[in-house]
Structure formats: structure tokens, C-alpha cells
Amino acid sequence: MTYVIAQPCVDLKDRACVEECPVDCIYEGNRMLYIHPEECVDCGACEPVCPVEAIFYEDDVPEEWKAYYDANVQFFDGIGMPGGAAKMGPIDKDHELVSALPPQEHDE
């Protein structure tokens, strides 16, 4: 099991979750953040600090955002297990689900 970042993160990337993650498993794509499913230790530290409530335990992802589980997993196809987001830096891509979305509006 793992945590999943869903649509409320698209075009926001607040990064409070990144600062809270003890294992550095939250990676930055072009338009949103992604949790590496094999590096996540299921501690849940990221979930309560997300200001837009975009992070869910895998079994608790709302139906409208279920596809974001696959988006988080498939984002890492071809990347493998880098062993930490900090050493990777931003990754110049997004999952096709995210890339296809129109720009998202956020109240900031």
C-alpha cells in the first residue's frame, strides 16, 4: 500500500508534503508532485500537511480521482527507484493524465 497524490495538486505543487516526508519519496513533475509507490513507507506524514487535501491513502482515494493511483505508479516507468527525490531534482515530464488537463485554477 502507498499514498497517492491526486488532481488537487495539479498546477499547485505546494511542497509542504516534500518537506514532511522522512524518506524523500515525493518527486516533482512539471505540473504536479508524485509519490514513488515503492519508496513510500506509508508513514502518512505527508497527508495532513497538504493544504489542498490532494494526498490519500491508496484505499481512500475518492472515486473521481482513482486514476491517479496509476498516474503515480506509471510516472516512474523508465525512472526506476532513484532512491530519493532530492538527488533527482524536478523531472521534466508528467503522466499523460496530468498532461492532458487544462490549466487548473487554485485559490492562493
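## Contacts along the chain

Start with who touches whom in this predicted model. Take the contacts between residues at least 6 apart in sequence: 70% of them join residues at least 24 apart. For a single pair to look at, try Ala 67 and Ala 6: they sit 61 residues apart in sequence, yet their C-alpha atoms are 8.5 Å apart in space.

Ala 67 belongs to helix H2, which covers residues 67-74. With a relative accessibility of 41%, Ala 67 counts as partly exposed.

## Overall build

The chain has four helices and four strands, and reading from the N terminus they come in the order β-α-β-β-β-α-α-α. Its radius of gyration is 12 Å, close to the 13 Å that the globule rule gives for 108 residues, so the chain is as compact as a globular protein of that length. Along the principal axes, the C-alpha atoms fill a box of roughly 30 × 25 × 25 Å.

## Inside and outside

Of the 108 residues, 45% count as buried. The accessible surface adds up to about 5800 Å², and carbon and sulfur atoms account for 47% of that.

As for charge, there are 6 positive and 24 negative side chains, with the centres of the two sets 7 Å apart.

## The cysteines

How many disulfides does a search of the whole structure find? Zero. Cys 46 is in none, and the nearest cysteine sulfur, from Cys 40, is 6.3 Å away. Cys 50 is in no disulfide either; its nearest cysteine sulfur belongs to Cys 17, at 6.2 Å.

Buried or exposed, where does Cys 46 fall? Cys 46 counts as buried because its relative accessibility is 8%. Cys 50 is buried too, at 13% relative accessible area.

Conventions. Residues are numbered from 1 along each chain as its sequence is written. This is a predicted model: local features need pLDDT of at least 70, side-chain atom pairs count only at pLDDT 80 or more; totals for chains, interfaces and linings use all residues. Side-chain values use heavy atoms; hydrogens and water are left out. Helices (H or I, at least four residues) and strands (E, at least two) are DSSP runs, numbered from the N terminus. Buried means under 20% relative accessible area, exposed over 50%, partly exposed in between (1.4 Å probe, protein chains only). A disulfide is a pair of cysteine sulfur atoms within 2.5 Å. The radius of gyration is taken over C-alpha atoms; the globule rule is 2.2 Å times the number of residues to the power 0.38. Contact means heavy atoms within 4.5 Å. Accessible areas come from the Shrake-Rupley method with a 1.4 Å probe; for residues, only the protein chains shown count as cover. Lys and Arg count as positive and Asp and Glu as negative; His and the chain ends are not counted. The place of a charge is taken as NZ of Lys, CZ of Arg, CG of Asp or CD of Glu.
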